[in-house]
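Colleague: Please pick one part of this model and take me through it closely. Start from the whole chain, then zoom in, and give me the cut-offs as you go.

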Amino acid sequence: MSIVREPTPTELSVRVLKYDGAEYRRWNARLARREGSLIVLDAEFEFDVQHHLLGDIRRGTRTIEYYWLDRWYNVFRFRKADGSTRLYYCNVNMPPKLADEVLTYIDLDIDILVQPDLSYQVLDLEEFAANAARYGYAEETKRQADAAVDELISLIQKREFPFG
């Protein structure tokens with residue numbers, strides 16, 4: 001007996017929510033690869049964005065986005081025009097859900113900025129603490145967020161996928 005799976009769409013929308021379910025961000029991306037729980041998307045910024053840490057992100061900037069349906073984080077690899085890595089930006093979040101060509105995840109505020117030489121800094125711990133109080137994050141959510149930071153740091157330090 002074989003299991004027939006519906007073909008995965010090549011174009012997806014990504015929705016980022018706050019813990020209370022309010023939409024925070026949305027963009028479109030192309031499905032590059034799907035293996036088990038890993039979903040890899042290829043995206044391009046549709047507008048110029050000014051980011052407080054990343055500076056100007058110009059329209060057309062490409063990212064490769066790595067999501068796992070069973071992990072509490074995702075990783076964005078920002079690319080330079082020549083295709084080389086500009087930096088990695090990791091988001092701690094609740095595991096994403098994929099339904100009806102929409103990948104949705106709840107952002108838990110903590111980020112890790114990773115330079116091409118794999119030096120890194122953990123960001124937004126104060127925002128996480130403030131929103132944990134504001135939204136009433138469950139103890140399990142806080143524990144999973146801490147574990148996600150530890151796992152990401154381990155992947156970075158060991159230069160494992162997607163940092164290798």
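Modeller: What follows is a close look at strand 10, its partners and its surroundings.

This is a predicted model, in which local features need pLDDT of at least 70, side-chain atom pairs count only at pLDDT 80 or more, and totals for chains, interfaces and linings use all residues. Residues are numbered from 1 along each chain as its sequence is written, and side-chain values use heavy atoms, with hydrogens and water left out.

The setting comes first. The protein chain has two helices and 11 strands. Here helices (H or I, at least four residues) and strands (E, at least two) are DSSP runs, numbered from the N terminus. Along the sequence the pattern is β-β-β-β-β-β-β-β-β-β-β-α-α. The protein chain has 164 residues, and 43% of them count as buried. Buried means under 20% relative accessible area, exposed over 50%, and partly exposed in between (1.4 Å probe, protein chains only).

Now strand 10 itself. Strand 10 covers residues 102-114. It is mostly covered, with 11 of its 13 residues buried. Several strands pair with it; two strands pair if DSSP finds at least two bridges between them.

Take strand 1 (residues 11-17). It pairs with strand 10 in the parallel sense, over five bridges. Val 14 stands opposite Leu 103. Leu 17 stands opposite Ile 106. Strand 1 is mostly covered too: five of its seven residues are buried. Strand 1 also pairs with strand 2 (residues 23-35), antiparallel, through seven bridges. There Val 16 has Arg 25 as its bridge partner. Five residues separate strand 1 and strand 2 in their hairpin, where Gly 21 takes a positive phi near 95°.

Strand 8 runs antiparallel to strand 10, joined by five bridges. One of the partner pairs is Cys 90 and Ile 112.

Strand 9 is antiparallel to strand 10 as well, over three bridges. Lys 97 faces Thr 104 there. The two strands form a hairpin with two residues between them. Asp 100 sits in that turn, with a positive phi of about 50°. Most residues other than glycine have a negative phi. Asp 100 counts as exposed because its relative accessibility is 76%.

On to strand 11 (120-123). Four bridges join it to strand 10, and the two run antiparallel. Asp 111 has Leu 123 as its bridge partner. This hairpin has five residues between its strands, and Leu 118 takes a positive phi near 70°. The loop from strand 11 to helix 1 holds Asp 124, which has a positive phi near 65°. Asp 124 has a relative accessible area of 18%, so it is buried.

What does strand 10 pack into? It is among the elements that give two or more residues to the largest nonpolar core. That core has 28 residues. A nonpolar core is a set of buried Ala, Val, Leu, Ile, Met, Phe, Trp, Tyr and Cys residues joined through side-chain atoms within 4.5 Å. Ile 112 and Val 114 are among the residues with the most contacts inside this core. Others in that group include Val 75, Val 92, Leu 152 and Phe 163. Helix 2 (139-157) also contributes; it gives the most, with seven residues.

Look closer at Val 114. Leaving out residues up to four places away in sequence, Val 114 touches Leu 87, Tyr 88, Cys 90, Ser 119, Tyr 120, Ile 156 and Phe 163. Contact means heavy atoms within 4.5 Å.

Finally, a polar link. The side chain of Asp 109 makes a polar contact of 3.1 Å with the side chain of Asn 131. A polar contact is a pair of N or O atoms within 3.5 Å; within protein, one must be able to donate a hydrogen and the other to accept it, and residues adjacent in sequence count only if both atoms are side-chain atoms. Asn 131 belongs to helix 1. Asn 131 counts as buried because its relative accessibility is 9%. Besides Asp 109, Asn 131 touches Lys 18, Gly 136 and Tyr 137, again leaving out residues up to four places away in sequence.
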